[in-house]
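Biologist: Okay, I've got the model loaded next to its sequence. Can we go through it together?

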Amino acid sequence: IYKRRKQKRLKNKDFSILSSNCSGTFIYYDLDLPYLSPTINMSIEMNDFVRLIENLEWYMGQKLIRIEEEAEEYPVGTLGDVKIHFIHYRTFEEAAWKWEERKKRINRDNLFIIGTDKDGCTYETIRRFEQLPYKNKVIFTHIRYPEFSSAYYIKGFEKEEELGIITYFKKQILKRRYLDDFDYVRFLNGQNVYEK
């Protein structure tokens with residue numbers, strides 16, 4: 001019922017979410033929409049992600065190259081100097097095939113950029129994220145950054161050094177994830193997420 005309500009509220013249905021981790025994947029899944037993005041079921045460290053978005057067309061033209069990471073139990077690849085961790089794929093071949101297939105679906109006229117205050121994210125990273133030339137962008141943070149209009153504070157991680165995993169469920173009666181604190185339907189509809 002909770003997901004169906006979100007689906008009914010959504011007006012904008014032909015968009016591409018480029019996200020630094022699985023947040024975008026969960027949003028597409030909740031809204032029962034096709035993945036119009038290659039950044040599905042993977043993660044990119046925030047400094048690499050900002051660099052990718054700063055030069056999106058160039059990186060989207062690069063061939064995905066496999067690299068061996070002894071410590072990782074999942075495939076890892078690079079696009080130029082950007083490392084991508086395909087955390088929910090069994091093989092690099094599967095990950096590369098999905099990346100190329102979904103890359104072709106990107107709606108460049110309706111892009112939404114989602115970052116997260118973790119994986120090497122610093123104040124300077126957030127500042128660079130803020131300067132990205134995209135209207136629809138948000139970076140989830142573990143503390144408030146009122147000086148950045150794209151920063152959205154997620155409660156519950158203030159004592160940590162970075163944001164936790166926001167796709168996890170909170171310990172409360174209502175079954176809600178930390179991600180659900182953010183009204184992503186309003187965001188995707190082009191409305192102000194800070195207004196209730």
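Modeller: Sure, one term to start: contact, or touching, means heavy atoms within 4.5 Å. This is a predicted model, so local features need pLDDT of at least 70 and side-chain atom pairs count only at pLDDT 80 or more, while totals for chains, interfaces and linings use all residues. Residues are numbered from 1 along each chain as its sequence is written, and side-chain values use heavy atoms, with hydrogens and water left out.

Biologist: Which residues does Thr-167 touch, not counting those up to four places away in sequence?

Modeller: Ser-23, Phe-26, Arg-177 and Leu-179.

Biologist: And where is Thr-167 placed?

Modeller: In the loop between strand 7 (151–153) and helix 7 (184–188). Helices (H or I, at least four residues) and strands (E, at least two) are DSSP runs, numbered from the N terminus.

Biologist: Is Thr-167 buried or exposed?

Modeller: Thr-167 counts as buried because its relative accessibility is 14%. The cut-offs are under 20% relative accessible area for buried and over 50% for exposed, with partly exposed in between (1.4 Å probe, protein chains only).

Biologist: Ser-23 is in helix 2, right? How many residues of helix 2 are buried?

Modeller: Yes, Ser-23 is one of the buried residues of helix 2. Six of the eight residues in helix 2 (23–30) are buried. Besides Ser-23, these are Gly-24, Thr-25, Ile-27, Tyr-28 and Asp-30.

Biologist: What do those buried residues of helix 2 pack against?

Modeller: Helix 1 (2–9), strand 1 (16–19), strand 5 (111–116), strand 6 (137–141) and helix 7. Just after helix 2, Asp-32 has a positive phi of about 55 degrees.

Biologist: On to the sheet. What's the strand order?

Modeller: The order is 1-5-6-7 in an open sheet of four strands, paired in parallel. Strand 1 and strand 7 are the edges, each pairing on one side only. From one strand to the next, the twist averages 25 degrees. Two strands pair here if DSSP finds at least two bridges between them.

Biologist: How many bridges join strand 1 to strand 5?

Modeller: Four, with the two strands running parallel. One example is Ser-19, whose bridge partner in strand 5 is Ile-114. Helix 2 packs on this sheet through strand 1, strand 5 and strand 6, and its direction makes about 150 degrees with that of strand 1. For angles like that, axes are lines fitted to C-alpha atoms, for helices over the stretch in contact, and the range is 0 to 180 degrees between N-to-C directions.

Biologist: What about helix 6, where does that lie?

Modeller: Helix 6 (123–130) lies across strand 5 and strand 6, at about 160 degrees to strand 6. Its buried residues are Thr-125, Ile-126, Arg-128, Phe-129 and Glu-130. They pack against helix 3 (46–54), strand 5 and strand 6.

Biologist: Switching to aromatics. How many aromatic pairs does a search of the whole structure find?

Modeller: It finds 15. Take Phe-86 and Tyr-89: their ring centres are 5.8 Å apart and their planes at 80 degrees, so the pair is edge-to-face. Rings of Phe, Tyr and Trp (its six-membered ring) pair if their centres lie within 6.5 Å; planes under 30 degrees apart are stacked, over 60 edge-to-face, and the rest tilted. Both Phe-86 and Tyr-89 are buried.

Biologist: Which residues do ring pairs link into a cluster?

Modeller: Phe-15, Tyr-28, Tyr-35, Phe-112, Phe-140, Tyr-152, Phe-182 and Phe-187.

Biologist: Any charges over rings?

Modeller: Yes: the charged end of Arg-176 sits over the ring of Tyr-2, 3.5 Å from its centre. Lys-175 does that with the ring of Phe-169, at 5.1 Å from the centre. The test is NZ of Lys or CZ of Arg within 6 Å of the ring centre and within 35 degrees of the ring normal.

Biologist: Last one. Which residues touch the most other members of the largest nonpolar core?

Modeller: Of its 58 residues, Phe-15, Leu-31, Leu-52, Ile-84, Phe-140 and Leu-188 do. Helix 3 gives the most to this core, with five residues. A nonpolar core is a set of buried Ala, Val, Leu, Ile, Met, Phe, Trp, Tyr and Cys residues joined through side-chain atoms within 4.5 Å. Beyond four places in sequence, the contacts of Phe-15 include Leu-10, Leu-31 and Leu-188.
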